[in-house]
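Student: I would like a close look at a single part of this model, with enough of its surroundings to place it properly. Could you take me through it in one connected account?

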Amino acid sequence: MLSGKKIILGVSGSIAAYKAILLLRLLQKEGAEVKVVLTPSVSKFVGELSFSALTNGEVLSDLWEGGWSDHVALGTWADLMIVAPATANTLAKMSHGICDNALLAVYLAARCPVMVAPAMDADMYIHPRTAANLHSLAEDGVIPLPVGSGFLASGLIGPGRLLEPEEIVGEIKDHFARIAYQPLQGQSVLITAGPTREPLDPVRFITNHSSGKMGYALAAQAATLGAKVTLVSGPTQLVTPAQVERVDVSTAQEMYEAVHAVASQQQIIIMSAAVADYTPAQVAHQKIKKKGDDLSLELIRTKDILKSVGETKQAHQFLVGFAMETENGIENAQRKLEKKNLDLIVLNSLRDKGAGFGHDTNKVTLIERGGTTKELPLMSKSAVAKEIFTQILAHWKPINP
Ligand code: CTP
């Protein structure tokens with residue numbers, strides 16, 4: 001699939017730099033022609049010779065050695081640049097246009113799409129500066145890959161691990177597949193994601209455990225398939241996927257308004273947000289002070305956004321909802337599908353290890369109108385997103401094919 005593709009592998013100085021050698025080999029095995037650019041600190045982890053020996057010397061590590069315009073030549077040569085691992089420092093410099101090493105010069109000169117695979121410690125990854133840098137890179141069109149979560153070299157446990165080389169190759173293949181296969185080109189897709197926050201007073205709110213990962217994976221996949229994507233998102237820590245327009249909301253009412261502002265122009269609507277079903281009847285203007293031993297809250301129903309979209313659904317629209325059930329899953333989900341006038345419902349499993357809130361993996365059952373069900377195994381949320389779109393594309397027809 002990568003045969004003849006010209007790829008620049010940018011490597012920055014991380015303990016994960018050794019994985020870049022494996023990535024280089026895998027890309028070459030897939031038929032890609034790979035040239036490498038290193039930041040100066042890579043040599044603290046892996047020798048330049050390793051890259052040089054595997055690429056016939058196609059390694060740039062010093063801006064001042066070789067031809068003065070090697071970075072420009074590289075930047076115009078490639079079909080794709082992938083920075084893996086991308087450290088917090090390199091991401092920060094890329095997002096600010098700083099150009100004090102060969103990798104950064106190649107990045108600024110690159111005319112091709114650029115992907116970054118971050119690798120750093122958990123606290124560095126979740127630091128608001130790093131998040132802001134990734135966000136601004138994504139706004140510039142850079143494709144940020146997710147990170148893995150788990151044991152980090154520092155001994156911490158959390159997000160920040162470089163994706164495995166095989167996963168990065170998968171993302172690169174998807175990228176080229178996206179260019180080749182865009183069945184949603186010219187179509188509009190609306191996705192809701194994340195939790196809502198229902199305020200009680202100026203300091204407290206009612207929310208849920210939704211991380212937004214499933215909805216963001218769906219938005220990324222819709223963009224991959226060429227759609228114009230609007231992502232209406234509750235509060236999350238996630239980076240907006242490339243080529244996705246994100247509308248931030250907080251409460252269920254705000255989500256309702258944001259959805260209805262654009263719903264009629266959409267061809268496909270997927271509601272994966274975990275919307276609060278109830279909201280406080282009153283929002284106190286001042287912080288609620290403790291008084292007796294008990295406190296009762298009066299809650300009122302929020303509007304069911306999905307149901308309201310189902311009621312005004314047009315013939316050409318395809319509507320997908322999610323269901324989270326703890327018992328009688330299939331029957332309850334089927335009932336929800338009918339009640340809300342859906343074309344497809346995605347039944348989430350909370351019982352399986354690795355599925356549901358906050359995980360990078362999910363286990364779902366897809367239930368179509370008409371009753372056909374497809375139970376999927378535990379897989380990454382981006383793989384689930386692909387399956388959902390495969391299902392949609394098998395049934396939905398564009399208005400102007
Ligand atoms: N949903 C919505 N607006 C709400 C509540 C839910 O749009 N106020 C959507 C969710 O985005 C999801 C689907 O409805 O796609 C299922 O939500 P869920 O809470 O599982 O089901 P409910 O229909 O609310 O029923 P119940 O709470 O009784 O299970």
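Tutor: What follows starts from one open sheet, moves to two residues beside it in sequence, and ends with the chain as a whole.

The model is a predicted one, and the part I would choose is an open sheet of six strands, whose order is β3-β2-β1-β4-β5-β6 and whose pairing is parallel. Its edges are formed by β3, at residues 59-60, and by β6, at residues 143-144, each of which pairs on one side only. Within that order β1 stands beside β4, and the two strands, covering residues 6-11 and 80-86 respectively, run parallel and are joined by four bridges. One position in this pairing can be named exactly, since I7 has L80 of β4 as its bridge partner.

I7 also leads to the next residue worth inspecting, A32, which touches I7 together with L2, K5 and L27, when residues up to four places away in sequence are not counted. A32 belongs to the loop between α1, residues 17-29, and β2, residues 33-38. Is this loop residue buried or exposed? With a relative accessible area of 9%, A32 is buried, because the cut-off for that class is under 20%. A further distance places A32 against G4: the two are separated by 28 residues in sequence, yet their C-alpha atoms lie 5.4 Å apart in space.

Helix α1, which precedes that loop, contains K19. K19 has a relative accessibility of 11% and therefore counts as buried as well, by that cut-off of under 20%. Setting aside neighbours within four places in sequence, the contacts of K19 are with L162, E164 and P165.

Turning to the whole chain, the secondary structure amounts to 13 helices and 22 strands. The radius of gyration is 23 Å, close to the 21 Å that the globule rule gives for 401 residues, so the chain is as compact as a globular protein of that length. Along the principal axes, the C-alpha atoms fill a box of roughly 70 × 60 × 35 Å. Buried residues, A32 and K19 among them, make up 50% of the chain. Of the contacts between residues at least 6 apart in sequence, 67% join residues at least 24 apart. The exposed area of the chain is about 19400 Å², of which carbon and sulfur atoms supply 52%. As for charge, there are 38 positive and 40 negative side chains, and the centres of these two sets lie 2 Å apart.

Key. Residues are numbered from 1 along each chain as its sequence is written. This is a predicted model: local features need pLDDT of at least 70, side-chain atom pairs count only at pLDDT 80 or more; totals for chains, interfaces and linings use all residues. Side-chain values use heavy atoms; hydrogens and water are left out. The radius of gyration is taken over C-alpha atoms; the globule rule is 2.2 Å times the number of residues to the power 0.38. Buried means under 20% relative accessible area, exposed over 50%, partly exposed in between (1.4 Å probe, protein chains only). Contact means heavy atoms within 4.5 Å. Accessible areas come from the Shrake-Rupley method with a 1.4 Å probe; for residues, only the protein chains shown count as cover. Lys and Arg count as positive and Asp and Glu as negative; His and the chain ends are not counted. The place of a charge is taken as NZ of Lys, CZ of Arg, CG of Asp or CD of Glu. Two strands pair if DSSP finds at least two bridges between them.
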